[in-house]
There are 2 protein chains.
Amino acid sequence: MSDSREAGFELDPRLAHDTAFIADWQLCRVLLLDDARFPWLVLVPRREALVEVDDLDESDNTRLMHEIRHAMKQLRGAAECDKINVGALGNIVRQLHVHVVARRERDAAWPGPVWGRGPAQPYSPEAREALIMRLRSVQ
Amino acid sequence: MSDSREAGFELDPRLAHDTAFIADWQLCRVLLLDDARFPWLVLVPRREALVEVDDLDESDNTRLMHEIRHAMKQLRGAAECDKINVGALGNIVRQLHVHVVARRERDAAWPGPVWGRGPAQPYSPEAREALIMRLRSVQ
């Protein structure tokens, strides 16, 4: 379903550079961060000029929460997962985006946060494509 | 308004130890983290045995988002604030809790995340009380 409020949405080039496209949901563009250390989705509301969570109107905010729940379900269905971290930081890239990250108790940052943990380790093209397929298959 | 689903809610002792009480809102207990480096609220849904955001039912999830928005408003009204970070991690304390943190571009962790940044610097009792009063005064 198209929404006139999508007009003017443009993905920040840094987010585009670091991620692979998974899907456009009703509100958010859903991206896979290209870091094989952590199964990591990034949800970007397709609205113009948003920075903070509460720049969304309340109905989009409710929709965002719904899509965060769906992203959690997809991660659980597609990857090993002991805990899920959800965060909206935006200190570097200001365009509103929400991280939804599958954590394992033996991952490279456990139990610390995933942000600011040094350079990403890109997936091989095959591994990335396989994970994207698994994620998309979770309804 | 009391809710029977509050029965069995008990605040994790580590959260209790690190924070000061601000208020009970409809869903969440609202706490101030005792770290003068960052004006930092912690929202804890008063429900039993929750770990992940999507352990809440959808109506509580919508309510949580509403209370996150209100926490953001209170921080902006009570503290200097260039950006707000929102996160639900729970890697160490598993009881579901949401961090809502006012960030300044010259704060001790900028532009990195606030989590895992070494020991907290407690407020003086006077500064803590003054901040709590300012927070409570934002409707």
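Modeller: A residue counts as buried if 20 or more other C-beta atoms, placed from the backbone, lie within 10 Å of its own (exposed: 12 or fewer; partly exposed: in between). This is a predicted model, in which local features need pLDDT of at least 70 and side-chain atom pairs count only at pLDDT 80 or more, while totals for chains, interfaces and linings use all residues. Residues are numbered from 1 along each chain as its sequence is written, and chains are lettered from A and ligands numbered from 1 in the order written.

Colleague: Why is strand S3 of chain A called mostly covered?

Modeller: Strand S3 (residues 40-45) of chain A has six residues, and six of the six are buried. On one side of S3(A) point Trp40(A), Val42(A) and Val44(A), and on the other Leu41(A), Leu43(A) and Pro45(A). Both sets are buried. In a regular strand the side chains alternate between the two faces of the sheet.

Colleague: What makes S2(A) and S3(A) a pair?

Modeller: Strands are DSSP runs of E, at least two residues long, numbered from the N terminus, and two of them pair if DSSP finds at least two bridges between them. Five bridges join S2(A) to S3(A), so the condition is met. The two run antiparallel, and Leu31(A) stands opposite Val42(A) in S3(A). S2(A) and S3(A) form a hairpin, with six residues between them.

Colleague: How do you know that S3(A) also pairs with S5(A)?

Modeller: Four bridges join S3(A) to strand S5 (residues 98-103) of chain A, again antiparallel. The bridge partner of Val42(A) in S5(A) is His99(A). Val42(A) therefore stands opposite Leu31(A) and has His99(A) as a bridge partner too.

Colleague: What makes S1(A) an edge strand?

Modeller: The sheet is open and has 10 strands, in the order S1(A)-S2(A)-S3(A)-S5(A)-S4(A)-S4(B)-S5(B)-S3(B)-S2(B)-S1(B), with antiparallel pairing. Strand S1 (19-24) of chain A and strand S1 (19-24) of chain B each have a single partner strand, so one side of each has no neighbour in the sheet. For S1(A), five bridges pair it with strand S2 (residues 28-33) of chain A in the antiparallel sense. Ala20(A) stands opposite Leu32(A) in S2(A).

Colleague: How do you know that the two copies are related as by a two-fold rotation axis?

Modeller: Copies are superposed by least squares on the C-alpha atoms of residues with pLDDT of at least 70 in both. A rotation of 180°, with 0.0 Å of shift along its axis, superposes chain A on chain B with an RMSD of 0.0 Å. The copies are thus related as by a two-fold rotation axis.

Colleague: Which residue of chain A comes closest to the rotation axis?

Modeller: Gly87(A) does, with its C-alpha at 2.0 Å from the axis.
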